[in-house]
Amino acid sequence: MATPTGDTPTCVVVGATGAMGAVITARLVDRGHRVLAVGRSADELDKLSATSDLITPCRADIASDDAIGTIGAAIDGPVGLALFAAGLPVRGSVDTIEPSALALAANIKVGGVARLLQSVRDRLVEGSRFVAIAGSLGIEPGPLDAGPGTANAALLNLMRQIGALYGPRGVTTHTIAPGPVDTPRLRALIETQSAETGVPESEIWDRYRSKTTLGRLPTLDEIAWLVETLLAPEASVLHGAVLTADGGVRHGIL
């Protein structure tokens with residue numbers, strides 16, 4: 001494998017220290033890609049970057065406009081992939097959620113994607129991929145999904161706008177909308193739902209699994225595979241698409 005240089009495209013991963021971001025980062029470096037790992041925790045970034053010389057840590061809070069300059073200054077060449085994989089610390093139904101938390105969710109999920117775009121836009125080249133992890137709750141929300149449902153719906157709209165703006169420049173945009181994936185965030189969500197409804201957590205888990213026609217929840221490795229697949233030249237045909245990697249949770253025809 002050739003030694004990466006400043007001319008080698010970088011993969012920028014926002015949320016790289018999260019459960020999903022870490023698995024995606026590991027898969028990318030295993031395939032020889034350089035990764036600029038963006039996260040808020042210096043300790044977690046140090047742990048992640050210690051696993052590979054191809055990982056460069058970048059401490060930045062994607063909820064702050066300061067992240068634009070911080071991320072931009074850390075990039076030393078073209079960006080082949082810019083991925084937003086940050087999760088939301090917001091849970092609950094519209095009855096229980098603090099209304100201000102809806103603004104927080106939008107600031108992270110929608111504002112964060114805008115910040116990522118502005119930090120990498122001068123480094124995007126023909127064939128670059130701009131990817132966001134949204135969620136099927138933005139398309140088919142449940143009654144207890146006020147934060148993620150609302151924020152992801154707005155993100156789907158924003159990604160469509162970015163696609164219309166950057167597609168003609170040869171930069172393709174892709175939105176991945178996984179269904180429930182077994183992560184610490186999902187476990188916390190199920191705990192909240194159980195507390196709100198009085199339904200045992202095991203029963204809620206069974207409900208999640210039964211909603212898939214696959215009979216199981218998607219895995220983090222499968223989502224990471226999909227992200228890596230988007231780096232193939234042929235993936236340009238998926239420009240502007242919402243990729244519902246949910247194991248058959250979504251029921252809409254379109």
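Modeller: A salt bridge is a side-chain nitrogen of Lys or Arg within 4 Å of a carboxyl oxygen of Asp or Glu. This is a predicted model, in which local features need pLDDT of at least 70, side-chain atom pairs count only at pLDDT 80 or more, and totals for chains, interfaces and linings use all residues. Residues are numbered from 1 along each chain as its sequence is written, and side-chain values use heavy atoms, without hydrogens and water.

Biologist: Why is Asp145 said to have no salt bridge?

Modeller: Lys211, the nearest side chain of opposite charge (Lys and Arg count as positive, Asp and Glu as negative; His and the chain ends are not counted), is 6.6 Å away. The limit is 4 Å, so Asp145 has no salt bridge. Asp145 is nevertheless buried, that is, under 20% relative accessible area with a 1.4 Å probe, protein chains only (exposed is over 50%, partly exposed in between).

Biologist: What makes S2 mostly covered?

Modeller: In strand S2 (residues 34-39; strands are DSSP runs of E, at least two residues, and helices of H or I, at least four, numbered from the N terminus), 6 of 6 residues are buried. Arg34, Leu36 and Val38 point one way, and Val35, Ala37 and Gly39 the other.

Biologist: How do you know that S1 and S2 pair?

Modeller: Pairing requires at least two bridges found by DSSP. Strands S1 and S2 have 5, in the parallel sense, so they pair.

Biologist: Why is the crossover from S1 through H1 to S2 called right-handed?

Modeller: The name applies because, with the strands pointing away from the viewer, the path from the first strand over the helix to the second runs clockwise.
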